[in-house]
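Me: I have a structure open and would like to know what stands behind the labels people put on it. Could you go through them with me?

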Amino acid sequence: MDKASLLGDAITYITDLQMKISVLETEKEMTRNNNQKQPLVPDIDVQTRQEDTVVRVSCPLDAHPVSKVIRAFQETQVTVHESEVSTTDNDSVLHTFSIRTQGGASEHLKERLIAALSR
């Protein structure tokens with residue numbers, strides 16, 4: 001092969017490689033966009049009774065705002081017996097848990113919860 005033919009083949013090869021890179025980057029971007037978590041719509045159940053209405057909102061634990069607290073409870077072998085959510089006058093949400101602990105698991109619970117919420 002002469003130098004011109006060799007150079008022409010090299011240019012063609014480089015152009016093909018650049019095209020393949022472009023196609024792969026496009027596929028990667030499309031896959032990334034498809035794999036992004038879609039906002040989960042919670043399951044909402046409304047039951048009207050005589051004088052009031054009960055609203056239950058259910059969503060996966062990982063999507064729930066209090067998931068770090070629940071994970072910390074699980075790590076320390078704490079079972080949530082009852083949970084209550086309320087609001088305060090200063091626009092805060094107060095989430096109260098009634099828990100059962102096993103074998104002194106509550107001794108360092110506050111420190112573990114602070115560590116879990118700090119992550």
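Me: Among contacts in the chain between residues at least 6 apart in sequence, what percentage join residues at least 24 apart?

Reply: Happy to start there. The share is 30%, counted among contacts between residues at least 6 apart in sequence. Please keep in mind that this is a predicted model.

Me: How do you know what the overall layout is?

Reply: The secondary structure amounts to 3 helices and 4 strands. Following the sequence, the order reads α-β-β-α-β-β-α.

Me: What makes β1 and β2 a pair, and in which sense do they run?

Reply: Two strands pair if at least two bridges are found between them. Strand β1 (residues 43–48) and β2 have 6 bridges, in the antiparallel sense. Going into the pairing, V46 faces V55 of β2, and T48 has T53 of β2 opposite. The connection from β1 to β2 is a hairpin of 4 residues.

Me: Why is strand β2 said to lie largely in the open?

Reply: Buried means under 20% relative accessible area. Of the 6 residues of β2 (residues 53–58), the number that meet this is 0, so the strand lies largely in the open. For β1 the number buried is also 0 out of 6 residues, and therefore β1 too lies largely in the open.

Me: How much of the chain counts as buried?

Reply: Of its 119 residues, 10% do. The chain exposes about 10400 Å², and carbon and sulfur atoms supply 53% of that area.

Me: Which residues of α2 are buried?

Reply: They are S67, V69, I70, A72 and F73. Take S67, which has its place in helix α2. Its relative accessibility is 13%, and the cut-off for buried is under 20%, so S67 counts as buried. Leaving aside residues up to four places away in sequence, S67 touches L61 and D62.

Me: Why is V93 called exposed?

Reply: Exposed means over 50% relative accessible area. V93 has 63%, so the word applies. V93 lies in strand β4, and its contacts, not counting residues up to four places away in sequence, include V85 and S86.

Me: What makes A115 partly exposed?

Reply: The label covers values between the limits of 20% and 50%. A115 has a relative accessible area of 39%, so partly exposed is the right term. A115 sits in helix α3 (residues 109–118). A115 and A72 are 43 residues apart in sequence, while their C-alpha atoms are 8.8 Å apart in space.

Me: What is notable about the phi of D91?

Reply: The value is positive, about 60 degrees, although D91 is not a glycine. As background, most residues other than glycine have a negative phi. D91 is found in the loop between β3 and β4. With a relative accessible area of 76% against a cut-off of over 50%, D91 is exposed. Another positive phi, near 55 degrees, belongs to Q77, which follows α2.

Me: What volume does the largest pocket have, and which residues lie nearest its centre?

Reply: The volume is about 390 Å³. The lining has 15 residues, and those nearest the centre are H64, V66, S83, V85 and H95. As for where the lining comes from, α2 (67–75), β3 (78–87) and β4 (93–101) each supply at least two residues.

Me: How do you know what kind of residues line the largest pocket?

Reply: By sorting them into classes: 12 are nonpolar, 3 are polar and none is charged. Asp, Glu, Lys and Arg are the residues that count as charged, so the lining of the largest pocket contains none of these. V85, one of the residues nearest the centre, falls in the nonpolar class, because Val counts as nonpolar. H95 is also nearest the centre, and it counts as polar because His is not listed among the nonpolar or charged residues.

Key: Residues are numbered from 1 along each chain as its sequence is written. This is a predicted model: local features need pLDDT of at least 70, side-chain atom pairs count only at pLDDT 80 or more; totals for chains, interfaces and linings use all residues. Side-chain values use heavy atoms; hydrogens and water are left out. Buried means under 20% relative accessible area, exposed over 50%, partly exposed in between (1.4 Å probe, protein chains only). Contact means heavy atoms within 4.5 Å. Accessible areas come from the Shrake-Rupley method with a 1.4 Å probe; for residues, only the protein chains shown count as cover. On a 1 Å grid over the protein atoms alone, a cavity is a set of points where a 1.4 Å probe fits but cannot get out, and a pocket is an open set with protein on both sides within 12 Å along at least five of seven lines; lining residues have an atom within 4 Å of a point. Grid points are joined across faces, edges and corners, and a volume is the space filled by probe spheres set on the points.
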